[in-house]
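Here are my notes on the model, set out as numbered points. They begin with the contacts and the overall dimensions and then turn to the nonpolar cores.

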Amino acid sequence: MSAEILNGTRLAQRIRSQIRRDLKKLTFTPGLAVVQVGNDPASTIYIKHKQRDCEKVHFHSEVHRLPTDTTQRALINKVIELNQQKEIHGILVQMPLPDIIDGQAIIDVISPHKDADGLTPINLGNLFINRESVSPCTPTGIIRLIELTGKQIEGKHAVCVGRSHLVGKPAGIMLLNRNATVTYCHSRTKNLANITKQADILVAAIGKPEFITADMVKHGATVIDVGINSVGNRLVGDVKFDEVKEIAGYITPVPGGVGPLTRAMLLQNTLKLARQIET
Ligand code: NAP
């Protein structure tokens, strides 16, 4: 039997509707600032989507575009300025940054109280000690999609393929916080398929098109495909969707799975931060 498709687009719409309802009870307008350095075309598209999302929920949004040759010091100063700007409650610095800039050094400067992406050391530290407040957007979206199955996470074996600070590692910690038994796999993992085949929940965050094939997946597993890869003029995930959907119990599509949830979680984090600052 074919897997049930976890529709991220529809879930994201529901989350935005809830945010609009929540907003009616507030006396302030949440504000999100996005900083872009250079003009990477993919980043420009992502930022446009984020601006459109803000419009949909009536948030204030600003995009600060800096030239490609911006120095690390100038970018730090911009972030410090936004930390102090009253109408801004959430700050996101769009990655990747030009090579001359140390991305982590920039994230370090974002106030944890305005950390819309949940990636500052303070907020990641809170995640680590199971005190989740603003959590990274993509891993939080992953959890929301798993919850959509209605199946318990507790006691399940979750396998994360990928251990980046942005996705794989925090996704595994969030699953561990929900009492899953978590295994991390990465580029040095031996016998990968033997491990992925044991997963009740399989999170693929690798960045390699259609890397996870049907023979790597357990029957009935929940498969969350984080990957976004351009192949010709198509977008594909890290999972070979057509064959894995015949084995899995639940599966996310690409596009329309994790991506929309990541953006919805950015709005939710901004709202959470705005409430914390304003009340
Ligand atoms: P990343 O920083 O490049 O990390 C990739 C991870 O995959 C690393 O941990 C790497 O292992 C592991 N890996 C690479 N080759 C492997 C192999 N052959 N076997 C097992 N593991 C392997 O990427 P990322 O930022 O986590 O993103 C992953 C994917 O998700 C990308 O396609 C990205 O575009 C997408 N993404 C989507 C969203 C969304 O909203 N949908 C958000 C963020 C990212 P090592 O650590 O050993 O190098």
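1. In this predicted model, 71% of the contacts in the chain with a separation of 6 or more are between residues 24 or more positions apart.

2. The chain has 10 helices and 11 strands. Its radius of gyration is 19 Å, close to the 19 Å that the globule rule gives for 279 residues, so the chain is as compact as a globular protein of that length. The C-alpha trace spans about 50 × 45 × 40 Å along its principal axes.

3. Of the 279 residues, 51% are buried. The exposed surface of the chain comes to about 13,300 Å², and 52% of that is supplied by carbon and sulfur atoms.

4. The largest nonpolar core holds 47 residues, and those touching the most other members are F59, I142, L175, V203, I224 and V226. Two or more residues each are given to this core by α1 (8–24), β2 (31–37), α2 (41–56), α6 (137–148), β5 (157–161), α7 (168–177), β7 (201–204) and α10 (258–278). The largest share is that of α10, with 9 residues. Both domain 1 (30–111) and domain 2 (136–259) contribute at least three residues to this core.

5. What does F59 touch, leaving aside residues up to four places away in sequence? The list is I19, L23, T29, P30, C54, L267, T270 and L271.

6. A second core, separate from the one above, has 19 residues. Among them are V161, M216, V239 and A248. As background, nonpolar side chains tend to be buried together in soluble globular proteins.

Notes. Residues numbered from 1 in each chain as written. Predicted model: local features only at pLDDT ≥ 70, side-chain atom pairs only at ≥ 80, totals over all residues. Heavy atoms only, no water. Core = buried A, V, L, I, M, F, W, Y, C linked by side-chain atoms within 4.5 Å. Buried < 20%, exposed > 50% of the residue type's maximum accessible area, 1.4 Å probe, protein only. Helix = DSSP H or I, 4+ residues; strand = E, 2+ residues; numbered from the N terminus. Domains from an automatic or database assignment. Contact = heavy atoms within 4.5 Å. Rg over C-alpha atoms; globule rule 2.2 N^0.38 Å. Areas by Shrake-Rupley, 256 points an atom, 1.4 Å probe, with all protein chains shown as cover.
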